[in-house]
Amino acid sequence: VTARLGTEEGVVAMTGLENGRCEFAHARPELNGQVSLPVADGGSVWLGTARSGAIRLDATGTAVEVNWPDSPVSAMAAAPDGGAWFVNPRQPWLTRLIAGNYQRIPLAQELMDAAAIQNMAIAPNLTVWLGTSNGAMALNGGQWQTIRSATGLADNDVQDVLVQPDGSIWFATRGGISLYRP
């Protein structure tokens, strides 16, 4: 069993976990400022970095795909359909990679500043959930929906989003935890 950790100093692989011990290996200092580690098909891992774009590592830790090498990726998520979603805080859209093709999905008018997006998660029904500094947003079927404290969030500053297998969503906010069941 191998676990990969993203740190300010780069990506580190932890091995030997199944034997009750932990060995660190494969430090990748060129991948510093790592922001996300969603797992993709076949045991590969996507790395979204603050300085080096998005990089996919195969199960051995070898970079097999590099996207936008000079651009930041502030949030990303692996989707149940095998796709991957990316946020570049400098662009007014989300990028979806599916079957080798890239799609740009415009952000909702009220979220034209992608820098406000702090995290993302994809639900089993492929709804894209974004945690922002001004609430949570969902993209489903081309339509945007916003959830804020006035409609049930503990606070508008959404620090993390966790989608459960049943489609319910946990939001970690500065003001507490909220559970949403669409």
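These legends go with a set of close-ups of a predicted model.

**View 1. The largest nonpolar core, built from strands.** Sixteen is the number to keep in mind here: the largest nonpolar core has 16 residues. Trp-85, Leu-94, Ile-117, Met-120, Val-128 and Leu-130 are the ones with the most contacts inside this core. Strands E8 (75–78), E9 (84–87), E12 (117–122), E13 (128–132) and E14 (135–140) each give two or more residues to the core. E12 gives the most, chipping in with three residues.

**View 2. Trp-85 and its contacts.** Which residues does Trp-85 touch once its neighbours within four places in sequence are set aside? From the stretch before Trp-85, the contacts include Ala-75, Met-76, Ala-77 and Ala-79. Further along come Leu-94, Thr-95, Arg-96 and Ile-105, and then Met-120, Ile-122 and Val-128. Leu-94, Met-120 and Val-128 turn up again among the residues with the most contacts inside the core.

**View 3. Another core.** Apart from the largest core lies another one, of twelve residues. Ala-123, Val-158, Val-163 and Phe-171 are among them.

**View 4. Trp-129 meets Phe-171.** The model has two aromatic pairs, and this is one of them. The ring centres of Trp-129 and Phe-171 are 5.7 Å apart and the planes sit at 65°, so we call this one edge-to-face. The pair ties together distant parts of the chain, with Trp-129 in strand E13 and Phe-171 in strand E17 (residues 169–173), 42 residues apart. Both partners are buried.

**View 5. Trp-129 meets Tyr-180.** Here the centres of the Trp-129 and Tyr-180 rings are 5.6 Å apart and their planes are at 65°, so this pair is edge-to-face too. It also links distant parts of the chain: Trp-129 belongs to strand E13 and Tyr-180 to strand E18 (residues 176–180), 51 residues apart. Buried or exposed, where does Trp-129 fall? With a relative accessible area of 2%, Trp-129 is buried, whereas Tyr-180, at 23%, is partly exposed.

**View 6. Three rings in one cluster.** Put the two pairs together and you get the full group: Trp-129, Phe-171 and Tyr-180 form one aromatic cluster. Trp-129 is the residue found in the pair with Phe-171 and in the pair with Tyr-180.

**View 7. Leu-107, a buried loop residue.** Leu-107 sits in the loop between strand E11 (101–106) and E12. The cut-off for buried is under 20% relative accessible area, and Leu-107 has 5%, so it counts as buried. Leu-107 and Leu-139 are 32 residues apart in sequence, but 9.1 Å apart in space, going C-alpha to C-alpha.

Key: Residues are numbered from 1 along each chain as its sequence is written. This is a predicted model: local features need pLDDT of at least 70, side-chain atom pairs count only at pLDDT 80 or more; totals for chains, interfaces and linings use all residues. Side-chain values use heavy atoms; hydrogens and water are left out. A nonpolar core is a set of buried Ala, Val, Leu, Ile, Met, Phe, Trp, Tyr and Cys residues joined through side-chain atoms within 4.5 Å. Buried means under 20% relative accessible area, exposed over 50%, partly exposed in between (1.4 Å probe, protein chains only). Helices (H or I, at least four residues) and strands (E, at least two) are DSSP runs, numbered from the N terminus. Contact means heavy atoms within 4.5 Å. Rings of Phe, Tyr and Trp (its six-membered ring) pair if their centres lie within 6.5 Å; planes under 30 degrees apart count as stacked, over 60 as edge-to-face and the rest as tilted.
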